[in-house]
Amino acid sequence: MPQLEIAADGFRLDNRPFRIISGGLHYFRVHPEQWADRLHKARLLGLNTVETYVPWNLHAPRPGEFRLDGGLDLPRFLDAAADEGLHVLLRPGPYICAEWECGGLPSWLLAEDGIELRSRDPRFLEAVDDYLANLMAAVKPYLSTSGGPVIAVQLENEYGAYGSDTVYLAELADLLHTHGVDVPLFTCDQPADLARGGLDGVLRTVNFGSRVDAGLAELRRHQPTGPLMCSEFWIGWFDRWGGVHTTRDAADAAADLERLLAAGASVNIYMFHGGTNFGFTNGANDKGTYRPTVTSYDYDSLLDEAGDPTPKYEAFREVIARHAPVPAEPVPAPAPKLAPGTVELTECAGLLDQVHALGRAVPSGRPLSMEQLGQDFGFVLYETIVPMAGPAVLRVGEVRDRAQVFVDGQPVGVLERETREHALAFLSPRHGAQLSVLVENQGRVNYGPGIHDRKGLLGEVTVNGAELAHWESRPLPLTRLDDLAFTLADTARPAVGPAFHRGSFVLGRPADGYLALTGWTKGHAWINGFPLGRYWSRGPQTTLFVPAPVLRPSRNEITVLELHAAVTRTVELRNLPDLGPTQD
């Protein structure tokens with residue numbers, strides 16, 4: 001493969017002028033059986049490059065582990081990109097933001113008291129060194145210098161919005177080089193952060209969604225010569241629970257793309273295809289108030305969550321065709337979708353009744369955080385006794401992020417991170433009543449200093465002012481549900497949680513579709529053991545994307561964990577998404 005060069009007048013590839021026209025496509029947000037489809041549509045758009053982050057936290061779920069299997073088979077993704085004739089911009093972090101859990105940093109780093117992430121803290125850099133050693137052992141054959149598609153590698157990610165330690169950036173650059181990266185490095189920052197986030201000798205690029213001329217001018221002010229590139233041209237945005245579905249007019253976004261390309265700049269469209277935060281992988285923001293990101297990462301992209309071209313795809317293709325070759329092939333039609341139907345969930349299994357099948361309790365004097373338990377995603381169940389009967393007030397130092405409180409198995413209230421005071425009044429039926437607190441990690445903060453986001457019950461926990469001791473902390477990662485014992489549900493009664501509800505349906509031919517949970521309150525859904533993600537009646541989204549490859553041409557099983565209650569025992573399969581109302 002030809003190699004990318006950074007010249008005073010722009011990029012060069014194979015010693016000829018080259019403009020990067022790229023689109024964001026995160027392999028970990030797309031089912032691996034659908035990678036080839038998305039990459040093919042990238043080429044048909046007129047892209048010559050795709051960009052992807054690398055989520056350290058999924059590849060290394062535990063210290064000493066490194067996974068490249070299934071949906072984490074990065075070499076397979078890179079092969080698929082090369083097969084389509086696409087170059088790759090690789091963004092390994094170690095921090096990626098991406099509205100991804102903890103910005104891609106593994107939660108086990110937070111088991112270290114006082115650790116400073118994204119810094120020269122030796123504990124952090126030692127972990128980064130190990131990560132990059134494992135990653136680059138797999139990626140080095142895919143660098144363009146070895147004949148592969150990866151033409152450039154990003155150094156950190158929007159670091160200027162977080163810090164200004166150029167020595168830290170230099171040490172990361174040295175680690176990348178030590179582990180075999182011999183293609184150009186680049187940084188990316190928003191216009192106001194270019195000075196803090198750059199490193200001499202490394203190409204600076206800029207991120208923005210509008211005000212194209214001003215953004216490029218600010219980049220040129222900090223980098224008088226060399227290529228102009230917008231590494232994240234934001235054409236949409238992400239959504240949060242309790243908000244609206246964010247969209248951007250296709251003509252408006254296309255007009256700004258025209259301005260970018262007319263200025264001679266290179267571009268990475270963020271996102272070409274957003275995909276889905278499957279399972280528990282969504283991140284969150286906390287700029288004074290904690291706001292978790294929804295399951296869908298549709299991002300109002302050129303391809304929708306199911307990978308179908310949108311009107312924005314057509315608008316961008318027309319713009320690109322005025323500046324670069326676009327294949328004459330027709331754009332593929334939308335893929336077939338599931339026929340609408342209803343599935344009754346006829347079996348149930350109470351979560352509190354079956355916690356022994358989901359995780360092992362760890363005794364301690366105080367509640368242990370998720371990180372102390374060696375847990376990344378899911379829930380923790382904390383249990384102790386109430387040392388009195390009668391009126392009681394439970395107070396918790398910090399709730400990260402949402403706690404359902406039970407006394408002798410009966411729900412008495414919910415504590416949420418967003419509220420300033422984490423206190424709950426209840427009536428204890430007896431001395432020695434069992435206090436159970438089910439805490440959900442709703443997504444670690446992915447941006448700013450809040451990335452130091454430990455989960456669980458933090459700080460002192462008291463009842464009527466007396467600290468509670470003798471706790472059991474039980475991790476419930478919900479990675480395996482095979483040991484649950486389901487029984488027939490009373491379908492005449494509403495589904496009450498926290499409980500798992502299960503049903504099945506038969507398909508003749510799998511196809512992409514959507515699972516709607518109208519009438520359900522909050523929880524998680526799986527199909528055939530594949531974690532579709534979170535649902536919440538708070539909205540905006542009311543459907544979960546179902547990739548065709550997780551379905552079978554026979555019997556299929558749906559499992560729903562409802563944390564509260566539902567007015568129905570049925571769920572719907574649909575052929576259209578509902579991501580909620582849009583902003584005015």
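## Strand E4 and its partners

Two strands count as paired when DSSP finds at least two bridges between them. By that criterion E4 and E5 are paired in this predicted model: they run parallel and share 3 bridges. In this pairing glycine 24 lies opposite glutamate 51 of E5. E4 also pairs with strand E11 (residues 266-273), again in the parallel sense, over 4 bridges. There serine 22 faces asparagine 268 of E11.

E4 is mostly covered, with 5 of its 5 residues buried. One side carries Ile21, Gly23 and Leu25, the other Ser22 and Gly24, and both faces are covered.

## Helix H3

Helix H3 spans residues 74-83, and its buried residues are Leu74, Pro75, Phe77, Leu78, Ala80 and Ala81. These buried residues pack against three helices and strands named H1 (35-45), H4 (122-139) and E4 (21-25), and also against strands E5 (49-53), E6 (87-91) and E7 (150-154). After H3 comes glycine 85, which has a positive phi near 75°.

## Nonpolar cores

The largest nonpolar core has 115 residues, and the members that touch the most others are Phe124, Phe316, Leu478 and Phe500. H4 supplies the largest share of this core, 9 residues. Apart from this core lies another, of 26 residues, which includes Tyr382, Val386, Val399 and Ala403.

Leaving aside residues up to four places away in sequence, phenylalanine 124 touches Trp56, Pro94, Leu105, Leu109, Ile115, Glu116, Leu117, Arg118, Ser119 and Tyr168.

## Packing of H1 on H9

H1 packs with helix H9 (residues 311-321) at an angle of about 45°, and the two axes are 9 Å apart. H1 is therefore oblique to H9, since the angle falls outside the ranges that count as roughly parallel (under 35 degrees), roughly perpendicular (65 to 115) or roughly antiparallel (over 145).

On the H1 side the contact is made by Lys41, Leu44 and Leu45, and on the H9 side by Tyr313, Phe316, Arg317 and Ile320. Sorted by class, the residues of this contact are 5 nonpolar and 2 charged, with no polar ones. Phe316 of H9 is also one of the residues that touch the most other members of the largest nonpolar core.

## Antiparallel pairings

Strand E18 (residues 390-400) runs antiparallel to E21, and 6 bridges join them. Valine 393 is placed opposite alanine 425 of E21. Strand E21 (residues 423-428) has one covered face, formed by Leu424, Phe426 and Ser428, and one uncovered face, formed by Ala423, Ala425 and Leu427. Ala425 thus belongs to the uncovered face.

Elsewhere, 6 strands make an open antiparallel sheet in the order E26-E15-E27-E32-E29-E30. Strand E26 (487-488) and E30 are the edge strands, each pairing on one side only. E26 is joined to strand E15 (residues 347-350) by 2 bridges in the antiparallel sense, and threonine 487 of E26 is the bridge partner of cysteine 348.

## Backbone exceptions

Most residues other than glycine have a negative phi, and most peptide bonds are trans. Two residues other than glycine with positive phi are aspartate 14, near 55°, and arginine 118, at about 55°. Aspartate 14 is in the loop between strand E2 (10-13) and strand E3 (16-18), whereas arginine 118 is in the loop between E6 and H4. Is each of these residues buried, or partly exposed? Aspartate 14 has a relative accessible area of 47%, so it is partly exposed. Arginine 118 has a relative accessibility of 2% and so counts as buried, the cut-off being under 20%. Arg118 is also among the residues touched by phenylalanine 124.

Cis peptide bonds occur at two sites described here. One runs from arginine 400 to aspartate 401, with omega near 20°, and aspartate 401 lies in the loop between E18 and strand E19 (402-407). Another joins glycine 539 to proline 540, with omega about 15°. Proline 540 is in the loop between strand E30 (530-536) and strand E31 (543-546).

Key
Residues are numbered from 1 along each chain as its sequence is written. This is a predicted model: local features need pLDDT of at least 70, side-chain atom pairs count only at pLDDT 80 or more; totals for chains, interfaces and linings use all residues. Side-chain values use heavy atoms; hydrogens and water are left out. Buried means under 20% relative accessible area, exposed over 50%, partly exposed in between (1.4 Å probe, protein chains only). Contact means heavy atoms within 4.5 Å. A nonpolar core is a set of buried Ala, Val, Leu, Ile, Met, Phe, Trp, Tyr and Cys residues joined through side-chain atoms within 4.5 Å. Axes are lines fitted to C-alpha atoms, for helices over the stretch in contact, and angles run from 0 to 180 degrees between N-to-C directions. Ala, Val, Leu, Ile, Met, Phe, Trp, Tyr, Cys and Pro count as nonpolar, Asp, Glu, Lys and Arg as charged, and the others, Gly among them, as polar.
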